[in-house]
Amino acid sequence: MNLSERLSVRRGEPVPAAPAVPAVRAVRAPDAPAPAAAVPPPAAAPPAASAAPVPAARPARGAEVGGTQGSEALVRLKDRAAAALFERMGTRLNDATMSEEQLNALVRSELNHVVEQEKVPLSAEQRQRLMRDVEDDVLGHGPLQRLLDDPTISEIMVNGPDLVYVEQNGKLTRSTARFTSEEQLRRVIERIVARVGRRIDESSPLVDARLADGSRVNAVIAPVAFSGASLTIRKFSADPFKVKDLIAFGTLSPEMAELLRACVEARLNIIVSGGTGTGKTTLLNVLSSFIPEGERIVTIEDAAELQLQQEHVVRLESRPANIEGRGEIGIRELVRNSLRMRPDRIVVGEVRGGESLDMLQAMNTGHDGSLSTVHANSPRDAIARLETLVLMAGMDLPLRAIREQIASAVDVVVQLTRLRDGTRRVTAVTEVQGMEGQTVTLQDAFLFDYAAGVSPSGKFLGKPIPTGVRPRFTDKFAELGISLSPRVFAPAPTRPVHA
């Protein structure tokens, strides 16, 4: 059966019958009586029921196994079309003088020629699917493109060409998407990395990058990745989440959002703390949206992910060393340089090294209202983590001096937690009050209500509730004319105790 017939079987259309046989001799079964006369000529042949029938055409193998061969034929056709398109396009795919719209139009035009040259009958649906898949391979991210376009998917994890997992609604599931080979996966990784001016090869097998929409990308290849190249993409919404979205998700309560808005407007220094994947960058985006329009903001990140909506923003991004091991520019150098850029606000995407000392010094020397994130599991752990990061700066400072710096610089710690049901919640808003002896004193203003229990579907029923303690920094609100509604710090009503 040729390719056209296999595709017809795949679409459920009838396969054309084989040409008629001029004459067929009836076959006598071993135990059947011999016929009384010779077989009559074809014109006077008896009905098919009275003679042994011609064996029917056997169904195509593709139809027997659910169209497997038809599907494989389409895959082979797609591979041939992609290879031919790469050959026709040549260096024009990397022509920097062409806009993205021009390149897309050129690729579609060339792809039409390639498909026509194949001379394979395809339905409109199959042709459209073939065109889309080849465009994804050439211009997009291959089999990951449809996952990237799906707004319900928040993270994509590729563990080699055959294993693709996604996080959807807070749960991990295996996707049906797969790469045809390790080489195709490597091409996608190299295309992502090249667009942000970075490289990945055997001498530098680890890389952090980003997509055009700011989504975070991490890639690992051999020899570090033993079982095949690994790619992790943490997607960010094309339309950044607003505070009302976080309230709708249950991440924040309206009272907590009102307090955090007042803290940003009062230029308090805020640290967002949380584990991996808890939504620290998303919350940092929301907090930065509270910064007034008239202020100059300098953002500093390893990979530019923040999506600030203000106009007066300077975005700085660290740079790894080149192939010669030179030219590296780290977060610490960028923090130091930002102090000479007349910033009203400094927003550091994440502190994970010696730059924390420079950030704390900036907070203590007139650059109020700074925002940053740190990896920690509680507000107390966040303070301890900052101590450790300051020690990584290589300065031989006594521990008390470091703690005094932290207590003086940081005003508020916002703790994010990813709960067992997959939701991300702010579980604490904590004030840093100062020092008592050798200890940094903390006071919770909001805490998550774990005592509310869990629903039958496994969802946490609790929400962040005020502790009833009014933080000391609210005195600054009064000085600046920032008002808070009385409900912000009103203690939550107690639950009735059932006998």
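**Group meeting: two open sheets in a predicted model**

Among contacts in the protein chain between residues at least 6 apart in sequence, 55% join residues at least 24 apart, where contact means heavy atoms within 4.5 Å. This is a predicted model, so local features need pLDDT of at least 70 and side-chain atom pairs count only at pLDDT 80 or more, while totals for chains, interfaces and linings use all residues. Residues are numbered from 1 along each chain as its sequence is written, and side-chain values use heavy atoms, with hydrogens and water left out.

Some totals. The protein chain has 499 residues, and 44% of them are buried; buried is under 20% relative accessible area, exposed over 50%, partly exposed in between, with a 1.4 Å probe and protein chains only. The exposed area is about 26800 Å², with 53% of it from carbon and sulfur atoms; the areas come from the Shrake-Rupley method with a 1.4 Å probe, and for residues only the protein chains shown count as cover. The secondary structure comprises 15 helices and 15 strands. These are DSSP runs numbered from the N terminus: helices are H or I of at least four residues, strands E of at least two.

Now the six-stranded sheet. The sheet is open, its order is 3-2-1-6-5-4, and its pairing is antiparallel; two strands pair if DSSP finds at least two bridges between them. Strand 3 and strand 4 (206-210) are at the edges with a single partner strand each, so one side of each has no neighbour in the sheet. Twist from one strand to the next averages 15°.

Within this sheet, strand 1 (residues 153-159) pairs with strand 2 over five bridges, in the antiparallel sense, and I153 is opposite Q168 in strand 2. Strand 2 (residues 164-168) in turn is joined to strand 3 (residues 171-174) by four bridges, also antiparallel. There, Q168 has K171 as its bridge partner. The hairpin of strand 2 and strand 3 has two residues between the strands, and N169 takes a positive phi near 55°. Helix 7 (residues 182-195) lies across strand 1, strand 4, strand 5 (216-220) and strand 6 (230-234), at about 45° to strand 6. Axes here are lines fitted to C-alpha atoms, for helices over the stretch in contact, and angles run from 0 to 180 degrees between N-to-C directions.

Next, the nine-stranded sheet. This one is open too, with mixed pairing and the order 9-8-10-11-7-12-13-14-15. Its edge strands, strand 9 (313-317) and strand 15 (464-466), each pair on one side only. The twist averages 30° from one strand to the next. Strand 13 (residues 424-436) and strand 14 (residues 439-448) are antiparallel over eight bridges, with E436 bridged to T439 in strand 14.

Helix 10 (residues 280-288) packs on this sheet, and its direction makes about 165° with that of strand 11 (371-375). How many of the nine residues of helix 10 are buried? Eight are, among them K280, L283 and L287. Helix 13 (residues 379-391) lies across strand 7, strand 11, strand 12, strand 13 and strand 14, at about 140° to strand 14.

Last, a helix pair. The axes of helix 12 (residues 355-363) and helix 14 (residues 399-409) come within 9 Å and cross at roughly 50°. That makes helix 12 oblique to helix 14; under 35 degrees counts as roughly parallel, over 145 as roughly antiparallel, 65 to 115 as roughly perpendicular, and the rest as oblique. On the helix 12 side, L360, Q361 and M363 meet Q405, I406 and A409 of helix 14.
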